[in-house]
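Visitor: I am new to reading protein structures. Could you walk me through one?

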Amino acid sequence: MTDLIIGLILVVILGSAVGYIVKQKKKGAHCIGCASSGKCPKSCCTDKK
């Protein structure tokens with residue numbers, strides 16, 4: 001029973017993460033982890049640091 005609960009929690013967490021990524025991509029975010037992803041050009045996140 002414990003394995004089932006842990007499995008369901010993992011499915012919910014992964015589903016939420018995928019849903020967030022899909023929602024941000026539909027908004028037009030180029031790089032989701034970038035703080036200015038909605039305002040910067042597509043190449044800002046690929047620059048070498």
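Guide: Happily; we will go from the whole chain to its helix, its surface and one residue.

Guide: Keep in mind that this is a predicted model.

Visitor: Let's start with the overview. How many helices and strands are there in the protein chain?

Guide: Counting such elements is a good first step. Here the protein chain has one helix and zero strands.

Visitor: How do I read the length of H1?

Guide: You compare its span with the one expected from its residue count. H1 has 26 residues, and from its first C-alpha to its last it covers 38 Å, close to the 38 Å expected at 1.5 Å a residue. Just after H1 comes Gly28, with a positive phi of about 105 degrees.

Visitor: What about the surface? How much area does the protein chain expose?

Guide: The protein chain exposes about 4400 Å², and carbon and sulfur atoms supply 67% of that. Of its 49 residues, 10% count as buried.

Visitor: Which residues form a nonpolar patch on the surface?

Guide: The patch is made of Met1, Leu4, Ile5, Leu8, Ile9 and Ile13, which together have about 650 Å² of accessible area. One of them, Leu8, lies in helix H1.

Visitor: Now a single residue: is Gln24 buried or exposed?

Guide: Look at its relative accessibility and compare that with the cut-off. Gln24 counts as buried because its relative accessibility is 13%, and buried means under 20%.

Visitor: Where is Gln24, and which residues does Gln24 touch beyond those up to four places away in sequence?

Guide: Gln24 sits in helix H1, which runs over residues 2–27. Leaving out residues up to four places away in sequence, Gln24 touches Ala29 and Ile32.

Conventions. Residues are numbered from 1 along each chain as its sequence is written. This is a predicted model: local features need pLDDT of at least 70, side-chain atom pairs count only at pLDDT 80 or more; totals for chains, interfaces and linings use all residues. Side-chain values use heavy atoms; hydrogens and water are left out. Helices (H or I, at least four residues) and strands (E, at least two) are DSSP runs, numbered from the N terminus. Buried means under 20% relative accessible area, exposed over 50%, partly exposed in between (1.4 Å probe, protein chains only). Contact means heavy atoms within 4.5 Å. Patches are made of residues with over 30% relative accessible area and no salt bridge: like charges are joined within 9 Å, nonpolar side chains (Val, Leu, Ile, Met, Phe, Trp, Tyr) within 5 Å. Accessible areas come from the Shrake-Rupley method with a 1.4 Å probe; for residues, only the protein chains shown count as cover. A salt bridge is a side-chain nitrogen of Lys or Arg within 4 Å of a carboxyl oxygen of Asp or Glu. The expected span of a helix is 1.5 Å times one less than its number of residues.
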